[in-house]
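Have a look at the structure below, and let's work through it together, one question at a time.

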Amino acid sequence: MRRIAYFLIFLSLIFFAFSTTSAREPDDFVHLREQMVQRQIVARGVKDPKVIKAMLKVPRHLFVPEARRAYSYGDYPLPIGEGQTISQPYIVAYMTEALDLRPDDKVLEIGTGSGYQAAILAELVKEVYTIEIIENLGKSARQTLRALGYKNIYVKIGDGYKGWPKKAPFDAVIVTCAPEQVPQALIDQLNEGGRTIIPVGRTGGVQKLVRAVKKGGRLKTENVMYVRFVPMVKGND
Ligand code: SAH
């Protein structure tokens, strides 16, 4: 009788162990993410501890289509459907660091895509407003972000050229698709002292990644590197 009791206790312990591990994230992804941060991000000079912490925390694989999850921590952008891509991890970290964010900031992102960049921002600031022009992508990003429990990200489906006037001004504006010029509405909606980072240039080619600070109503800009983003398309209206 006692043997049976021990056996049942043993079985329930095994069951308990399995049920708790399956509720956690697979260790493989945690390990891949640590490697990504060390080899692609810290090794290339990103230093801000808050950015590094966010990159370690946000489960990037949940923002890419299931069939591509195995590649989600690689050193490259990946397709997310509708001809669009999630940016390379280093570029996400670099652009986030360049915005010099503070905990009370309100940030505007143009080009929600998968929602990954928005999640990284949401780890660092009070509120993130993000605009996506392709309805399917916007809806799917909203779902992913909700499932992960983010309550400080607002996703709008619409044309980013107009910004989000009702929620302006913003302390920082990040654009993750490439316009040919910095859209004036985005400059107007930036706070005095606000920071912005935008890939500017021709469709299909490389673009200049421009970092700017708004001083006296005007942008003081510097070109920080060359990048390749999908184009920022014009809306219908
Ligand atoms: N930040 C995203 C990647 C962006 S890919 C991520 O973390 O996954 C660029 C996105 O910009 C695409 O989803 C594209 O549909 C969107 N986009 C292009 N033009 C736009 C516009 N005018 N307004 C809003 N979004 C736009």
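Q: Which of the 27 residues around the ligand come nearest?
A: Keep in mind that this is a predicted model. The shell around the ligand counts 27 residues. Those that come nearest are G111, S114, E132, G160 and V233.

Q: Which residue has a polar backbone atom 2.6 Å from a nitrogen atom of the ligand?
A: Two side chains can be set aside here, since the question is about the backbone. S114 uses a side-chain N or O atom, 2.6 Å from an oxygen atom of the ligand, and T176 also uses a side-chain N or O atom, 3.1 Å from a ligand nitrogen. The residue with the polar backbone atom is V233.

Q: How much of the ligand's exposed area does the protein bury?
A: Start from the ligand taken alone, which exposes 580 Å². Of that area, the share buried by the protein is 99%.

Q: In which pocket does the ligand sit, and which element gives the largest share of the shell around it?
A: The ligand sits in the largest pocket. Elements giving two or more residues to the shell are β2 (84-86), β3 (106-110), α5 (116-124) and β4 (127-132). With 3 residues, the largest share comes from β2.

Q: By class, how many residues of the shell around the ligand are charged?
A: Let's sort the shell by class. Nonpolar residues number 13 and polar ones 11. The charged residues number 3.

Q: Which residue forms a salt bridge with R44, and where do the two partners lie?
A: Side chains of opposite charge can pair when their charged atoms come close. The model has 6 salt bridges by the rule used, and in the one formed by R44 the closest N and O atoms are 2.6 Å apart. This pair links distant parts of the chain, 31 residues apart: R44 is in the loop between α2 (27-42) and α3 (49-57), and its partner is in the loop between α3 and β1 (78-81). That partner is D75.

Q: Is the peptide bond from A168 to P169 cis or trans?
A: First find the place: P169 belongs to the loop between β5 (153-157) and β6 (170-175). For the bond from A168 to P169, omega is near 0°. The bond is therefore best described by the word cis.

Q: What is the phi of E82, and where does this residue lie?
A: The loop between β1 and β2 holds E82. This residue is not a glycine, yet its phi is positive. The value is near 60°.

Notes: Residues numbered from 1 in each chain as written. Predicted model: local features only at pLDDT ≥ 70, side-chain atom pairs only at ≥ 80, totals over all residues. Heavy atoms only, no water. Near = heavy atom within 4 Å. Polar contact = N/O pair within 3.5 Å; in protein donor to acceptor, adjacent residues only side chain to side chain. Areas by Shrake-Rupley, 256 points an atom, 1.4 Å probe, with all protein chains shown as cover. 1 Å grid on protein atoms, 1.4 Å probe; cavity = no way out; pocket = protein on both sides within 12 Å on 5 of 7 lines; lining within 4 Å. Sits in = over half its atoms within 2 Å of the grid points. Helix = DSSP H or I, 4+ residues; strand = E, 2+ residues; numbered from the N terminus. Nonpolar A, V, L, I, M, F, W, Y, C, P; charged D, E, K, R; others polar. Salt bridge = Lys/Arg side-chain N within 4 Å of Asp/Glu carboxyl O.
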